[in-house]
Amino acid sequence: MQQLIYSILTLLIAGAAGFFLRRLLVRRLRQTVLDAWLVETLGVMLILLLLALGVVVVISIWSISNLQLLWHSFAGNLAIEKLANYMGDVWTVILSAVILVLGIGIGRTVSKITIRNLAENRIDINTRTLIGRMLSFVVLGIAVFWILALWHLSIETPLAILGTLTVAFTFAIQDILKDLVAGFYILVERPFHIGDEISIEGGTAGTLTGRVEEVQLRATKVRLVSGEEVTIPNARLFSTTVINNTFYGERRVTLTMTLPQEQYDREQTPARILSILREIDEIIPKPEPVATISGYTRETVTLTVRFWIVHGQSGVIADALHSLRNAFAEAELTVKESAGAI
């Protein structure tokens, strides 16, 4: 009875110590460059290690004679050779799982370190992401081949299985393959970068405009100007028109101004409009603002006014409208091109 109590206490102490040390280890490793997956995996392995030590202590608590009696009783029902084979298979499964989990964690850590270090060389974020993920796949591939070696499988076996699966699922995953090819093109050719504002034809949903948050191999994540995050398959980006709103820094604004004919002067009115626009510092002087006649009716004259601003300074449009309104109280002003301002 005492041996049973001591055994339970030993396992409880080993488990408590494992959870305590795991907490300290995880807290320390989170301050490093290691990926969260690898940090949590190492924490779990620490708990299992202390529990294994606890089991060893429990075994030492029991007398050798009791262990021998237990062994002979068990060996009478199961051959020792079969038991050894069974334990070997169990150990191989456990080791394979550990290698796979560590491979995923180390691969993600290598990807994270690579992306961060390449940033110091001013390499484009898309290229850094592509290189980091390729290295992650290499590490995972090494782990897979290590597992195959543990199970004494030749390279021909996984290749044959891979070929069969490729033929069987080609038609089922053809859309995914299109997304992967398009994603590779986007990462290599870089029609837009992370942080750029783009507009995509949305079909029935209209045009989608937002900022690129992440470019993955299968899809691109965009945060819309309305605040939602949308995931767009790369094949769609590859086959539709994508407008990069931040590629050029200057944007054209187009206004229409409708005046009563008695307030319009062919020489003075356009010159006065341009003079008002030149007084606004945020309006770009080159190209110069222009004001041209675009329509006549029996009672009104319509002018088209164009000027250029820096992208993102949509408040300049409001300043221009306010200034023109003060100068031409009877005018009707309408914004035709808002310079991409949403």
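Gln 268 and Arg 278 are exposed, on the other side of helix H9 from its buried residues. Keep in mind that this is a predicted model. H9 runs over residues 268–278. Which residues of H9 are buried? Thr 269, Pro 270, Ile 273, Leu 274, Ile 276 and Leu 277. Those six sit on the same side of H9, because they cover an arc of only 160° around the axis. The general rule behind this: an α-helix has 3.6 residues a turn, so residues three or four places apart point the same way.

What covers that buried side? The cover includes four strands, namely S6 (250–260), S7 (283–284), S8 (290–296) and S9 (300–310). It also includes a helix, H10 (315–327).

Stay with S7 and S8 for a moment. The loop between them holds Pro 287. Lys 286 and Pro 287 are joined by a cis peptide bond. Omega there is about 0°.

One more backbone point, in another loop. Arg 190 has a positive phi, about 55°, although it is not a glycine. Where does Arg 190 lie? In the loop between helix H7 (174–189) and strand S1 (197–201). Is Arg 190 buried, exposed or partly exposed? Partly exposed, with a relative accessible area of 35%.

Now the largest pocket. A word on the idea: rolling a probe the size of a water molecule over the atoms shows where empty space is left. Here, the largest pocket holds about 330 Å³ of space. Which helices each supply at least two residues of its lining? H2 and H4, the latter spanning 80–119.

Let me name the lining. It has Thr 41, Val 44, Met 45, Leu 48, Leu 49 and Ala 52. It also has Trp 91, Ile 94, Leu 95, Ala 97, Val 98 and Val 101. How does the lining divide by residue type? Into 11 nonpolar, 1 polar and no charged.

Last stop, Thr 41, which is one of those lining residues. Thr 41 is found in H2, residues 36–61. Its relative accessible area is 12%, so Thr 41 counts as buried, the cut-off being under 20%. What does Thr 41 touch, not counting residues up to four places away in sequence? Val 101 and Leu 102. Of this pair, Val 101 is named in the pocket lining too.

To recap. H9 has its buried residues on the same side. Pro 287 follows a cis peptide bond from Lys 286. Arg 190 has a positive phi. The lining of the largest pocket has no charged residues.

Key. Residues numbered from 1 in each chain as written. Predicted model: local features only at pLDDT ≥ 70, side-chain atom pairs only at ≥ 80, totals over all residues. Heavy atoms only, no water. Buried < 20%, exposed > 50% of the residue type's maximum accessible area, 1.4 Å probe, protein only. Arc of directions from axis to C-beta. Contact = heavy atoms within 4.5 Å. 1 Å grid on protein atoms, 1.4 Å probe; cavity = no way out; pocket = protein on both sides within 12 Å on 5 of 7 lines; lining within 4 Å. Points joined across faces, edges and corners; volume = space filled by probe spheres on them. Nonpolar A, V, L, I, M, F, W, Y, C, P; charged D, E, K, R; others polar.
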